[in-house]
Amino acid sequence: MPRRRPRNRCRLVALLVLAAGCASEAREPGTDPGSQGVRVVDGLGREVILEGPAERIVSLVPSATLTLDALDARSALVGRTDFDTVSWSADLPSVGGGLQPSIEAVVSLDPDAVILFGGEQDPVTPARLDELGIPWVGIRPDGIADVLVIIGMLGTLTGREVRAAALVDSLQAELAAVAAGAPGGPAPRVAYVMGGTPPWVAGPGTYIHELIELAGGENVFADLGSLYSSVSPEELVSRGVDVVLVSDAGAFDARLTPDARVVEVGGSRQLPGPGVADAAREVAAALRRPGG
C-alpha cells in the first residue's frame, strides 16, 4: 500500500492561523443598544448578548469546563456534568449529563449563561432554556481550529479577553512547533481506536484526525463518512495500520492489528480543549519509531 506524507499538514497550520484571527474577533466585546454589554457569536451562528461578563456559568461540555479553568474563570463555574472528572470540579454540583441534563438543577443554580454542545442530539435543552429566558452558548469543538475560536469566545463571555488572547497565541506557537518537528519520510499509518465492540475509530474532520496529521501521521480512516464510526475487525485488519492509538491498551485486542505498535495515550486527549498542544506532543511522540 503506497505511503505518503500528509499533504494537509501545512493547510492545517494555515487554518490554525485563520482560527486565531476568528478567536481575536470573538474576544472583542460588542455593544448592546442602550448599554454596554458582552456579545459573542456562538458555534451555531447565534448572537448571544449579556449585560456584562458572565459570573455564573453552568458548563454542559467537559472541554469547556477545562477551558474556563485555563482562562482563570473557574470561580464563574457554578455547575458541571457527571462527565467532568477533573478533581477540582468534584465540589461543583452536577446537573446530570451533558445532553438532556436536569433542567430543574440548572435553574436552581441561577446561571447567567449555560454552555452546551451545539448539536442535534439534544433539541430539548436549548428549547427549554429559551422558554425560561436563560442565555445559552452552543459550541462545536470538532477540530483544532474550533478549540481556538471557543477559547476566544469564552474569554469574551467571562471578560478574560487578554488571557484568552495569550492562551490562543501560545497554543498556536506550540502546535506549529509540533508540525515543524514531524520527521520526514513515509508517514506512519495510524488508527485511533476509542474502544467498543466493534471498535469505534476517529474519522476525518475530527480533532483526533487533525492531531494525527499535525504530528506527521496518516489517518487510515480518513475516508469514513462520519466523524466517528464503528468498523468491523476485518476492516481494521485490512487497513495496513502501523500505529494504533488507544486510550486504554488493556481494553484493546492487539490481535486485530498484529503488525502494528499499540500505544496508549491519555483518555483526556479525546477532549478538544486547552490541552490540545499537550495532546499533539503526545501523539507525535507515539508516532516516532522506537529508537528514532
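Which residues lie nearest the centre of the largest cavity? I put this to the predicted model and noted Pro 183, Pro 188, Gly 216, Leu 287 and Arg 289.

**Entry: the largest cavity**

I recorded 11 residues in the lining of the largest cavity. By class, I entered six of the lining residues as nonpolar, two as polar and three as charged. For the space inside the largest cavity I wrote down about 80 Å³. I then looked up how many cavities reach 30 Å³ or more, and the count was four.

**Entry: the largest pocket**

I turned next to the largest pocket, whose volume is about 780 Å³. Its lining takes in 24 residues, and I noted Phe 117, Gln 121, Pro 141, Tyr 228 and Pro 272 as those nearest the centre. Which elements give two or more residues to this lining? I found α2 (62-70) and α7 (207-214). Sorting the lining of the largest pocket by class, I obtained 14 nonpolar residues, seven polar and three charged.

**Entry: rings and charges**

I searched for aromatic pairs and the count was zero. I did find a charge over a ring: the charged end of Arg 46 sits over the ring of Trp 136, at 3.5 Å from the ring centre.

**Entry: backbone**

Where in the chain is there a cis peptide bond? I located one between Thr 197 and Pro 198, with omega at about -5°. I placed Pro 198 in the loop that runs between β9 (189-195) and β10 (200-202).

I also marked Asp 72, a residue other than glycine with a positive phi, near 60°. Asp 72 belongs to the loop between α2 and β6 (77-79). The helix before this loop, α2, is one of the elements I had listed for the lining of the largest pocket.

**Entry: confidence**

I checked pLDDT last. The chain average is 88, and 86% of the residues score at least 70. Over which residues does pLDDT stay under 50? I entered residues 26-35. For this stretch I noted that the model has 23 contacts beyond four places in sequence.

How values were computed: Residues numbered from 1 in each chain as written. Predicted model: local features only at pLDDT ≥ 70, side-chain atom pairs only at ≥ 80, totals over all residues. Heavy atoms only, no water. 1 Å grid on protein atoms, 1.4 Å probe; cavity = no way out; pocket = protein on both sides within 12 Å on 5 of 7 lines; lining within 4 Å. Points joined across faces, edges and corners; volume = space filled by probe spheres on them. Nonpolar A, V, L, I, M, F, W, Y, C, P; charged D, E, K, R; others polar. Phe/Tyr/Trp six-rings, centres within 6.5 Å; stacked < 30°, edge-to-face > 60°. Lys NZ or Arg CZ within 6 Å of the ring centre and 35° of its normal. pLDDT = per-residue confidence, 0-100. Contact = heavy atoms within 4.5 Å. Helix = DSSP H or I, 4+ residues; strand = E, 2+ residues; numbered from the N terminus.
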